[in-house]
Amino acid sequence: MSTHASDPLAALGSLPGVADAVDSVRKAVDRVYGHRVMRRRSNEISSEAALRGARGSAALAGADWALEEVRRRSDFSADPEARAVGAALRLGAEAGQLLSIWRQSPLRVLARLHLVAAGDPGASVGRPRLDGEPVDEPLIEAPVPTPAEVAGRLDGLSELIVAGGDAPALVTAAVVHGELLALRPFTSYNGLVARAAERIALIGSGLDPKAICPAEVGHAEQGRAAYVSAFEGYLSGTPEGVGAWIAHCGRSVELGVRESTAVCEALQRGAA
């Protein structure tokens, strides 16, 4: 992701399809926030959104479990799939605790997210990987940047987040997500961390302050192939590719909104 504009993130708003995606997401979010159930049961909807978002993120990581299985299980240490689901659930629970730090020190938040995902304080946990350390992220096959490139681009991303600016929340969240997938800064759980960071960016921006619009649900619903294809567009750096990635992330938020709207309606009927 590169541009010479004084506000690089805001400049992305003029890319093909981005303005329409931003407008569509805002309207969808406004609709679910206006649902009558939200006035008295928003905490329940937030909790359910976190659960469903974690399930979606884990599905993209290769652990495509049924929602009821995720809800039922208590032991997530048995095998790699179970560990991925457990990591996604822990990240979903942690995201809201990190909002106050995000705009001041996003790199601290990313380190914390990796520690939470990994679940143990191993030698490579909670810090960017070093030269020679392997990266376990089977979904993304693009070449892995060097640790020096990772450090430079993470610093640049951090500066953009701390500086703020006029970029729509969707644009900022999509760039955070795309950059972290591109860099794969940690030895493990990069996809889960990238999607958790996208969630934090959407919540912290004020677009989704109650955390009821789980983009991870939409990413999973659109499928792993579409996710990888859209990400490859981002990685290309072309205006069309980056715009398509942002639009893909926007559609994911809208699908997350649809999921939470269904939860609202089920609660209204007394069926959940």
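Here are legends for five close-up views of this predicted model.

**View 1. Gly17, in a loop between two helices.**
Start with Gly17, which sits in the loop that links helix H1 (8–11) to helix H2 (18–33). Is Gly17 buried, exposed or partly exposed? Its relative accessibility is 39%, so Gly17 counts as partly exposed. Now look for Ala244: along the chain, Gly17 and Ala244 are 227 residues apart, yet their C-alpha atoms are separated by just 7.1 Å.

**View 2. The largest pocket and its lining.**
This pocket has a volume of about 290 Å³, and 15 residues line it. Which residues lie nearest its centre? They're Ala61, Pro80, Ala84, Asp136 and Tyr189. Two elements, helix H5 (80–95) and helix H10 (190–204), each give two or more residues to the lining of the largest pocket. H5 supplies the largest share, with four residues. Sort the lining of the largest pocket by class and you get seven nonpolar, three polar and five charged residues.

**View 3. The second largest pocket.**
Here the space comes to about 240 Å³. The second largest pocket is lined by 15 residues, and Arg103, Gly164, Ala167, Thr172 and Ser205 are the closest to its centre. Which elements give two or more residues to this lining? Look for helix H8 (147–163), helix H9 (169–183) and H10. As for classes, the lining of the second largest pocket has eight nonpolar, five polar and two charged residues.

**View 4. Arg129, buried and without a salt bridge.**
You'll find Arg129 in the loop between helix H7 (106–118) and H8. Arg129 is buried but makes no salt bridge. How far away is the nearest side chain of opposite charge? That side chain belongs to Asp131, and it is 6.7 Å from Arg129. A salt bridge needs a side-chain nitrogen of Lys or Arg within 4 Å of a carboxyl oxygen of Asp or Glu, so this pair doesn't qualify. Arg129 does have another partner to look at: a polar atom of its side chain lies 2.7 Å from the backbone oxygen of Arg184.

**View 5. Glu240, an exposed residue in helix H13.**
Glu240 is part of helix H13, which covers residues 239–269. Why does Glu240 count as exposed? Exposed means over 50% relative accessible area, and Glu240 counts as exposed because its relative accessibility is 53%. Compare Glu240 with Ser188: the two are 52 residues apart in sequence, and their C-alpha atoms are 30 Å apart in space.

Notes:
Residues are numbered from 1 along each chain as its sequence is written. This is a predicted model: local features need pLDDT of at least 70, side-chain atom pairs count only at pLDDT 80 or more; totals for chains, interfaces and linings use all residues. Side-chain values use heavy atoms; hydrogens and water are left out. Buried means under 20% relative accessible area, exposed over 50%, partly exposed in between (1.4 Å probe, protein chains only). On a 1 Å grid over the protein atoms alone, a cavity is a set of points where a 1.4 Å probe fits but cannot get out, and a pocket is an open set with protein on both sides within 12 Å along at least five of seven lines; lining residues have an atom within 4 Å of a point. Grid points are joined across faces, edges and corners, and a volume is the space filled by probe spheres set on the points. Ala, Val, Leu, Ile, Met, Phe, Trp, Tyr, Cys and Pro count as nonpolar, Asp, Glu, Lys and Arg as charged, and the others, Gly among them, as polar. Lys and Arg count as positive and Asp and Glu as negative; His and the chain ends are not counted. A polar contact is a pair of N or O atoms within 3.5 Å; within protein, one must be able to donate a hydrogen and the other to accept it, and residues adjacent in sequence count only if both atoms are side-chain atoms.
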